[in-house]
Amino acid sequence: MPVVAFVNCILQCGVIPKSLKRSVVTPQFKKGDPLELINYRPISKTRNLLKIPEKIIKTQIMDYLNANNLLYEHQYGFRSSRNVMDACFKLVAFTQRALDHGRLSAGLFIDITKAFDCVDKDLFLEKTKN
């Protein structure tokens, strides 16, 4: 029961003990020149105990989004029972259907790999809190 009390405290208070916020940060190579620091991203290894409330919170958020139909039907990332292959199959089927009917088909693909590198973190947190 101590784990249940711990998780409930985090959920009710909205506070994670500082001692559990410490993590080991290691650089993870993304792509490009391995000698350039910009080609690495920081990976924080958190304590296992934090994975429990993290999983519970994620489940609650996803249940809410799904129950209220707030996710776009073609959102494939970070959803259970959907993956990138589903998106690829959907794209191929859509393109094939257009070609079969003599219509043009076009695609726009945007790499947003570094999209959040320029986001003001404090402003982002303030907006999400509101």
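Me: Why is Ser81 called exposed in this predicted model?
Reply: Ser81 has a relative accessibility of 74%, and because exposed means over 50% relative accessible area (buried is under 20%, partly exposed in between, with a 1.4 Å probe and protein chains only), Ser81 counts as exposed. Residues are numbered from 1 along each chain as its sequence is written. The model is predicted, so local features need pLDDT of at least 70 and side-chain atom pairs count only at pLDDT 80 or more, while totals for chains, interfaces and linings use all residues, and side-chain values use heavy atoms, with hydrogens and water left out.

Me: What makes the phi of Ser81 worth a remark?
Reply: Phi of Ser81 is near 65°, a positive value in a residue other than glycine, whereas most residues other than glycine have a negative phi.

Me: Why is the contact of Lys31 and Asp111 called a salt bridge?
Reply: The N to O distance between their side chains is 3.8 Å, and a salt bridge is a side-chain nitrogen of Lys or Arg within 4 Å of a carboxyl oxygen of Asp or Glu, so the pair qualifies.

Me: Why is Lys31 called partly exposed?
Reply: Lys31 has 48% relative accessibility, which lies between the two cut-offs, so Lys31 counts as partly exposed.

Me: How do you know that Glu126 and Lys129 form a salt bridge?
Reply: Their side chains meet at 3.6 Å, N to O, which is within 4 Å, so the definition is met. Both residues lie in helix H5, three residues apart, about one turn of the helix, where a helix is a DSSP run of H or I with at least four residues, a strand is a run of E with at least two, and both are numbered from the N terminus.
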